[in-house]
Protein chains: 2
Amino acid sequence: MMLERKLTLLDVTPPSAQMSSTDFSERDAAGTSLPLRFIGTLDAAVSSYKLNYLANNFLGPLIPALKKRWNLSRTEFSVLYCLRQAGRLTAKDICEITGRPKNSVSRAVHTLLKRSIVSQQLDASDGRRMILTLTTKGKHLYKEIIPLFEERERVMLACLSAEEQEALEHLLNKLVASTVDWAEVY
Amino acid sequence: MMLERKLTLLDVTPPSAQMSSTDFSERDAAGTSLPLRFIGTLDAAVSSYKLNYLANNFLGPLIPALKKRWNLSRTEFSVLYCLRQAGRLTAKDICEITGRPKNSVSRAVHTLLKRSIVSQQLDASDGRRMILTLTTKGKHLYKEIIPLFEERERVMLACLSAEEQEALEHLLNKLVASTVDWAEVY
DNA sequence: GAAGTATAGTTCCATTTGGAACTATTTGTC
DNA sequence: GACAAATAGTTCCAAATGGAACTATACTTC
């Protein structure tokens, strides 16, 4: 494992006990320990890289689990999730929210319609729109799945104190709220 | 845009000026403003949803740009990025770091080899391993691309004060450092 | 040092993906 | 109120994806 990493930007405190030196961890000059899984970011786009890294690691193993246990694709789950949170949405709304292309969403919606997880109803005021809602079956399915996510989040955040979790929440909220300012740029 | 959202968990302060009511924003009871793009998370996996939301919105438009301008896939860019940060890695290392399956990485590496962006060298001590490094061309390519990411990150973080950016950095570092504790669970 | 197990990397192939063109409806303009 | 432009959603198809089987090398154990 030949790494000449520069961890100058990483001000972490040494995490918990079981981080002893395996093949996946290493100590830098300052004595902090990091998994090889994460490479020290030298110079560029540091926070966004970490955001992506965390998001990938969080979601990564959940996607095969969704497929295996409930035969749901990532987009299908996104549709389920969005509808549970928002109540009623059009396919277009779901595209906006998730950033997935509309043909993927269209496909996912149709699959869920066939499985009676969502139902649709033509918008009376606009014949192009289909209003989507969850069926009772869909709500039950959501209820069955979501503990997996909650538990995983709980474990992920376990390294933070209650105050730190609150601070994180606050910062993420600010970033989310300002998305309109930057999401469409480039 | 029929949303009956509950934004109880969102303690954001109203962001900047141009967030006036378009089709994409709405005001909740407390007077805070949020893009429709983000649905209020009612009850479950709130922070992880926001992490994913931000990561998607950050990376989303960059991937087509990488394809169009430099004809690089997401995985190919990941390889480039990892090698630039770490110097020398095997394909396996890159799998560990990025979480991508090894056949995808293998393919990406071969494409980059053909384009003389990376070079490989058999590991003398282990005939199965190929040590990958960036060529000069690869380093130049990186240098050409990375400002796109840096600028986008700068814009994304613009809503945070210097102290808040530092706090975010610190929290993300803690989460990243503890990845080994939770990433493999389920 | 032979046999069995583990690991790095590749190939195969069925499935998923998403850009682009298309249909249908609505909105804007004169 | 007709014609152009915009929008919601679908279909088509070429390309990307990733699981699983495979090859080759290395490690383990007796």
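**Exercise 1. Find which element gives the largest share of the surface near DNA strand D, then describe that surface.**

Start with the biggest contributor: α5(A) provides 4 residues, the largest share of the surface near DNA strand D. Keep in mind that you're looking at a predicted model.

Next, list the elements that chip in at least two residues each: α4 (91-98) and α5 of chain A, plus α3 (74-86) and α5 of chain B.

Now zoom in on individual residues. DNA strand D has 21 residues around it, and the closest are Lys92(A), Asn103(A), Ser106(A), Arg128(A) and Gly127(B).

Last, sort by class: 8 charged, 8 polar and 5 nonpolar residues make up the surface near DNA strand D.

**Exercise 2. Work out which residues come nearest to DNA strand C, and which elements supply its surroundings.**

Begin with the residues: 21 sit around DNA strand C, and the nearest are Gly127(A), Lys92(B), Asn103(B), Ser106(B) and Arg128(B).

Then move to the elements. Chain A brings in α3 (74-86) and α5 (102-114), while chain B brings in α4 (91-98) and α5 (102-114), each with at least two residues. The largest share here, 4 residues, is down to α5(B).

Finish with the classes: the surface near DNA strand C holds 8 charged, 8 polar and 5 nonpolar residues.

**Exercise 3. Decide whether Met156(B) is buried or exposed.**

First, place the residue: Met156(B) belongs to helix α6 (residues 136-157) of chain B.

Now count neighbours. Met156(B) has 23 other C-beta atoms within 10 Å, and the cut-off for buried is 20 or more. So Met156(B) is buried.

For a distant partner in sequence, try Leu54(B): 102 residues separate Leu54(B) from Met156(B), yet their C-alpha atoms are 9.1 Å apart.

Technical notes
Residues are numbered from 1 along each chain as its sequence is written. Chains are lettered from A and ligands numbered from 1 in the order in which they are written. This is a predicted model: local features need pLDDT of at least 70, side-chain atom pairs count only at pLDDT 80 or more; totals for chains, interfaces and linings use all residues. A residue is near a molecule or strand if its C-beta atom, placed from the backbone, lies within 6 Å of it. Ala, Val, Leu, Ile, Met, Phe, Trp, Tyr, Cys and Pro count as nonpolar, Asp, Glu, Lys and Arg as charged, and the others, Gly among them, as polar. A residue is buried if 20 or more other C-beta atoms lie within 10 Å of its own, exposed if 12 or fewer, and partly exposed in between; C-beta atoms are placed from the backbone.
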